[in-house]
Amino acid sequence: MAIRDTALAKITEYFDSGRFRSELAALVARPTESQDPRGTPHLMGYLTEAMVPMLSGMGFTTELFDNPQPGAGPLLVAQRIEDPALPTVLVYGHGDVIRAQEDQWREGLSPFELTEEGDRLYGRGSADNKVQHLINIRAMAALIEAQGRLGFNAKVLIEMGEENGSPGLKQFCEEHKELLASDVLIASDGPRLSPEAPTIFTGSRGGSLFDLRVDLREGAHHSGNFGGLLADPAIILAHALACITDERGQIAVPEWRPDSLTPRIREVLSVLPGVESGIALDPDWGEESLTMSERVFGWNSFAVLAMVSGVPEAPVNAISGWARATCQLRFVVGTDPDDILPALRRHLDKHGFDKVEIVPSDRGAFPATRLDPDHPWVRFATASLERSTGTAPHILPNLGGSLPNDCFAEVLALPTIWVPHSYAGCNQHAPNEHVLKSLSRQALLGMTGLFADLAEHGAPEA
């Protein structure tokens, strides 16, 4: 039997025997909430007690690092260098999870206990991101078991702060370029476009988070005595927001309208099916001249994440002295990240909203990245995944969400291949998060075949 077939047989047995479910359950049981102080003691434990034994057992050497940003989560780098002449793959994942939201899960489910119902495995981190790096690590293990070696060099980087914006990750990559030097990043995060077919994306939209604030005076003043005499911050803010987009959300800030939706990118997006999100989408929202795929994968989108003025939970008959909106621009390559807020300032001033203050967020933000969809690594991964799964993967120029891909694409100068192992309806970042067993089984086959093809054929030629 060919090595590829042997490895595929071994990964099939790993899933069918229940070992995959058992290992995922052990990872989900660790409450690694990086956004909650309760999770802090568990962040290092995930690395030392789960990842280090798993990777050491596969012949990797491991090294733990404090985050260069004080107070941020630790990092793990594992290496298996078989021959310096062989290509080297960098595999990335994050072991931290979003807040558990325990009181919001439906009856019978608990965030840190893996629960099986039909094709679903429920638990916090089951989709984001514990299952995703588990699949990739165990795909490499199947290849090692099949032939006694990988046939290429591998490095694994696991961070514990992605849900906080990956603080310190870029600095870590800059300081450890030699340690992390590789030929390609092959990693997994985010959702597939469809649960039935693999997806490859090669970058991500960036995210810029900021507040718009109107702060006119101290305290609130009686609306009967001062209505018509005092400017209302909430009304001013509402009109300022309305000048950023039109009534269907089409962006009006000129510099926020990208120039990177090229004919080739439109061609790539034109063959994609609709996103299977599990919720009804709004076809009349967003840029009218674009398809829905172009709006989310090839264009920028502005969102108001929260708004407040006065005391919403206990309104009184008074004009508030302030109003605030927390806003976000998701942006693609072709948007100057350094000009996002200055461009907004110019736009607001032009429309007479000089009283609206722009307050940048201190939370981490990710720049936009994108690899050419015709890059040799994209073609290589596409052919391999189709061979292993029998299904042609969907190709995205970038994920609609944001990832720390700039650390790899820009700092480490790597081609970046992302093969997500979740789907849009997985309740990522919400109660009742889950992964599909059928999707996981297919993903294990796809990644095992991809690593086997790399071992057999080497890196694709440019």
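This section describes the overall dimensions, one sheet, one helix and two buried charged residues of a predicted model.

The protein chain comprises 14 helices and 19 strands. Its C-alpha trace spans about 85 × 50 × 45 Å along the principal axes. For 462 residues, a compact globule would be expected to have a radius of gyration near 23 Å, and the 24 Å computed for the protein chain agrees with that expectation. Of these 462 residues, 56% count as buried. Among contacts in the protein chain with a separation of 6 or more, 80% are accounted for by residues 24 or more positions apart.

An open sheet is formed by three strands in the order E4-E5-E19, with antiparallel pairing. Strands E4 (115-117) and E19 (434-436) occupy the edges; each has a single partner strand, so one side of each is left without a neighbour in the sheet. On average, and with direction ignored, neighbouring strands are turned by 25° against each other. Strand E5 (residues 120-122) is joined to E19 by three bridges, the two strands running antiparallel. Within this pairing, Val-435 of E19 is the bridge partner of Leu-121. Helix H14 (residues 437-457) packs on the sheet and touches E4, E5 and E19. The direction of H14 makes about 60° with that of E19.

Helix H9 (residues 263-270) has three buried residues, namely Ile-265, Val-268 and Leu-269. Viewed down the axis of H9, these buried residues fall within an arc of 95° and therefore line one face of the helix. In an α-helix there are 3.6 residues a turn, so residues three or four places apart point the same way. Pro-263 and Ser-270, on the other side of H9, are exposed. The packing partners of the buried residues of H9 are helix H10 (292-297) and strand E16 (394-396).

The loop between H9 and H10 contains Glu-287. This residue has a relative accessibility of 9% and counts as buried, because the cut-off for burial is under 20%. Residues up to four places away in sequence not being counted, Glu-287 touches Arg-248, Gln-250, Ile-251, Arg-257, Arg-295 and Trp-299. With one of these, Arg-257, the side chain of Glu-287 makes a polar contact of 2.6 Å, side chain to side chain.

A second buried site is centred on Arg-192, which lies in strand E8 (residues 191-192). At 3% relative accessibility, Arg-192 also counts as buried. When its neighbours within four places in sequence are left aside, Arg-192 is in contact with Ala-197, Pro-198, Thr-199, Pro-420, Ser-422, Tyr-423, Ala-424, Leu-439, Gln-442 and Ala-443. The side chains of Arg-192 and Gln-442 are joined by a polar contact of 2.6 Å. Between Arg-192 and Leu-290, the separation is 98 residues in sequence and 21 Å in space, C-alpha to C-alpha.

Conventions
Residues are numbered from 1 along each chain as its sequence is written. This is a predicted model: local features need pLDDT of at least 70, side-chain atom pairs count only at pLDDT 80 or more; totals for chains, interfaces and linings use all residues. Side-chain values use heavy atoms; hydrogens and water are left out. Two strands pair if DSSP finds at least two bridges between them. Helices (H or I, at least four residues) and strands (E, at least two) are DSSP runs, numbered from the N terminus. Axes are lines fitted to C-alpha atoms, for helices over the stretch in contact, and angles run from 0 to 180 degrees between N-to-C directions. Contact means heavy atoms within 4.5 Å. Buried means under 20% relative accessible area, exposed over 50%, partly exposed in between (1.4 Å probe, protein chains only). The arc is that of the directions from the helix axis to the C-beta atoms. A polar contact is a pair of N or O atoms within 3.5 Å; within protein, one must be able to donate a hydrogen and the other to accept it, and residues adjacent in sequence count only if both atoms are side-chain atoms. The radius of gyration is taken over C-alpha atoms; the globule rule is 2.2 Å times the number of residues to the power 0.38.
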